[in-house]
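Work through the exercises below with the sequence and the structure open beside you. Each task sentence is followed by a solution that goes step by step.

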Amino acid sequence: MTLWAVPLTPWLLSLLLYGAGRRFGPLALGLSAGVALLLTLAVTGLSLNAGVVASYRWSESLTLGLERSLAGDVFAWLVPLVALPVTLYAAIHVRQAPHRLVALLLAFVGAMQLLVLASDLLTLLVAWELVGACSWGLILHRWQEEGIPSQAMHAFLATRLGDLGLYVAAGALFAGTGGFGYAALDDLSGGLLHVAVAGIVLAAAAKSAQLPFSAWLFAAMAGPVPASALLHSATMVAAGTFLLARLAPQLEQAAWFSPLVIFLGLATALTGGLVASCQGHAKRLLAASTSAQYGLMWVAVGAGFPGVALLHAVTHACLKAGLFLVAGLAERRVDSYRLADMRLGRQLPGVAGASLVLCLALAGVAPLGAAWSKEQIASAAVDISPWLALFVAIAGGLSALYATRFQRLAFGRSPRRLVSGRPPAGAERISLAGLALATLMLSLLWWRPFSESIAANLGVVLPKEHAWLMVVSLALVALGIGMGLWLTRGSPREAEPAWQPVLADWFGLPTLHSGVGLGVMRFARALARFDDRVFDLPLTRLAQGASAGASGLARGDDALLAVPINQLAKGIHATARGLARGDDRVVDSGLMITARCAQWLADVNTRRGEWLADGLPSALAQGVEAGGRWARATQSGQTHHYYTAMAAGLGTFFLLLLIGASM
């Protein structure tokens with residue numbers, strides 16, 4: 001089975017589900033989506049075992065290619081595994097057109113499968129565009145509601161700005177090597193290498209919501225909860241980090257790559273941690289947390305341990321997808337994402353328990369799997385600098401702070417008894433429990449034989465662990481939890497300090513984006529006016545002058561040429577009409593007279609000719625017949641008859657002679 005079956009299977013199944021899903025009930029739709037993803041997993045396993053590479057010749061010079069790799073294999077399994085509980089949850093949780101949302105989630109899985117198996121920048125660009133289009137469609141699921149189209153457009157344009165980098169990188173690679181294959185990056189050098197690396201980093205930063213692109217994740221929160229769960233765990237936001245981890249050996253040829261990636265990752269991890277710690281909106285808190293956690297993965301890539309980044313992506317995917325499902329269940333109960341409106345520990349104890357497991361993992365509390373992978377990142381940072389490792393540990397402490405704050409505000413105990421909102425359905429609970437269970441099972445990574453076996457099978461190099469760093473890191477985690485508990489000790493409805501909304505809104509980054517957007521629009525309008533006045537206006541005036549000249553020439557032509565020609569034409573027309581009348585009166589009349597004469601002659605001939613032609617032969621025949629009778633009468637055998645005839649003849653003869661002589 002070819003590798004192409006890996007992305008094609010969910011695409012085909014999404015079409016089938018979209019066509020037939022509208023007739024299904026929520027549970028049947030969820031089970032159908034689950035079966036589709038199980039089938040996708042089976043096809044993925046068979047395809048990965050059957051082949052290492054696959055290609056499709058698009059044209060004589062362009063070929064699309066797929067290839068197995070460490071990062072590709074990890075994500076090829078991770079994406080459908082995380083999507084399985086999310087699609088089941090979506091079928092039950094979403095009220096508006098759930099079949100459309102579930103089908104689009106399946107298509108999203110197919111696009112991501114193509115992205116992670118791509119072996120060249122051309123195939124990657126195709127998948128990159130598909131992922132962006134699917135995410136835009138998912139955010140826009142409730143497009144009829146006010147504000148959602150503009151939010152979806154914000155997220156789409158912010159990521160599209162970064163996508164331009166990938167186009168530039170592909171152009172540089174093709175210009176330098178004549179191909180688009182990842183392997184060709186090894187042959188790139190000089191300025192083209194730097195252009196290609198810069199383009200890839202730009203595209204990855206925009207996709208993974210690293211600074212200065214982080215704020216688009218808040219706009220993406222306009223989408224439904226299942227879409228956010230998949231985007232933030234294993235697909236859209238993960239795509240940028242995956243690309244860096246996949247191409248890290250080639251990108252490290254640029255000396256500035258690692259320092260830049262570490263700087264961006266660490267800055268995003270710290271900033272995102274502060275933003276999440278001040279957020280009062282449940283989904284936005286999780287979104288800022290996503291930026292921060294992917295920032296830690298960037299630090300691992302920059303430190304030379306892309307495999308560690310992949311392992312943290314796996315642990316983070318399970319917990320983050322589960323936390324978004326938790327946020328959706330809480331919102332359904334209170335009809336709001338405001339953490340100040342929740343405190344649902346008494347109303348949703350089961351959900352609160354699952355959320356506690358996921359939040360402890362996000363906080364980095366041992367022995368949960370995400371804590372292990374975060375500590376691996378801190379250990380990897382020591383190879384660059386102990387200070388870098390310390391900052392990574394501080395970012396981990398911030399993770400503990402905002403995770404504690406989320407859990408306490410969302411599911412802390414409250415004397416209020418809410419009666420509005422529906423309780424979670426069974427399928428929603430199963431989906432959440434599955435992700436929480438996976439998060440718990442990943443705790444096995446703390447067992448060294450297990451983690452070393454996993455690393456060996458995947459070909460991942462683990463960094464050397466440092467006891468002092470572990471102590472510092474765990475202390476910062478404990479400090480973060482303590483601060484989280486202290487910050488949430490009072491009523492969340494108390495007035496917030498003035499700086500908190502600014503900090504929670506990415507330090508005004510969305511406002512900066514809007515300002516940049518408005519500035520770009522003003523600059524574009526100024527350029528348009530400049531173009532109108534400097535280039536278009538002279539051309540317009542020239543065109544108007546040419547038009548006026550043409551009109552004058554047309555009028556002169558009418559006066560000088562058209563009038564005589566018209567008069568000549570009229571004369572010719574009158575002459576023709578006169579000739580026509582002469583023809584009618586003279587020629588036609590002559591012909592009519594001739595015809596009539598001929599007709600008369602024909603009639604005369606008919607009447608007289610027939611008399612002559614018939615009468616003359618008839619008279620001659622009668623004379624001959626009479627002569628014959630007379631001649632037969634002479635043949636009577638009587639001699640006196642002969643002598644009488646001869647005498648009559650001689651008499652006639654002499655009579656004629658006498659008449660002739662007298663004349």
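A residue is called buried when its relative accessible area is under 20%, exposed when it is over 50%, and partly exposed in between, with a 1.4 Å probe and the protein chains only. The model is a predicted one, in which local features need pLDDT of at least 70 and side-chain atom pairs count only at pLDDT 80 or more, while totals for chains, interfaces and linings use all residues. Residues are numbered from 1 along each chain as its sequence is written, and side-chain values use heavy atoms, with hydrogens and water left out.

**Exercise 1.** Find Asp 73 and decide whether it is buried or exposed.

*Solution.* Begin with the helices, which are DSSP runs (H or I, at least four residues; strands are E, at least two) numbered from the N terminus; Asp 73 belongs to helix H3. Next, take its relative accessible area of 16%, because of which Asp 73 counts as buried. Finally, look for contacts, meaning heavy atoms within 4.5 Å: when residues up to four places away in sequence are not counted, Asp 73 touches Leu 48 and Arg 68.

**Exercise 2.** Describe the surroundings of Gln 279, starting from the loop in which it is found.

*Solution.* First, Gln 279 sits in the loop between helix H11 (257-278) and helix H12 (282-302), and with a relative accessible area of 6% it is buried. Second, apply the rule for a polar contact, a pair of N or O atoms within 3.5 Å in which, within protein, one must be able to donate a hydrogen and the other to accept it, residues adjacent in sequence counting only if both atoms are side-chain atoms; the side chain of Gln 279 reaches the backbone nitrogen of His 281 at 3.2 Å. Third, with neighbours within four places in sequence left aside, the contacts of Gln 279 include Phe 218, Arg 284 and Arg 405.

**Exercise 3.** How far apart are Leu 462 and Val 308, in sequence and in space?

*Solution.* Locate Leu 462 in the loop between H18 and helix H19 (467-487), where its relative accessible area of 26% makes it partly exposed. Then compare the two separations: Leu 462 and Val 308 are 154 residues apart in sequence, yet their C-alpha atoms are 6.8 Å apart in space. Val 308 is also one of the residues in contact with Leu 462, among them Phe 305, Leu 311 and Trp 372, once neighbours within four places in sequence are left aside.

**Exercise 4.** Which helices supply at least two residues each to the lining of the largest pocket?

*Solution.* On a 1 Å grid over the protein atoms alone, a pocket is an open set of points with protein on both sides within 12 Å along at least five of seven lines, a cavity is a set where a 1.4 Å probe fits but cannot get out, and lining residues have an atom within 4 Å of a point. The largest pocket is lined by 26 residues, with Trp 77, Leu 78, Leu 81, Val 314 and Leu 442 nearest its centre. The helices asked for are H2 (26-50), H3 (70-93), H13 (306-334), H17 (426-441) and H18 (448-458), and the largest share, eight residues, comes from H3.
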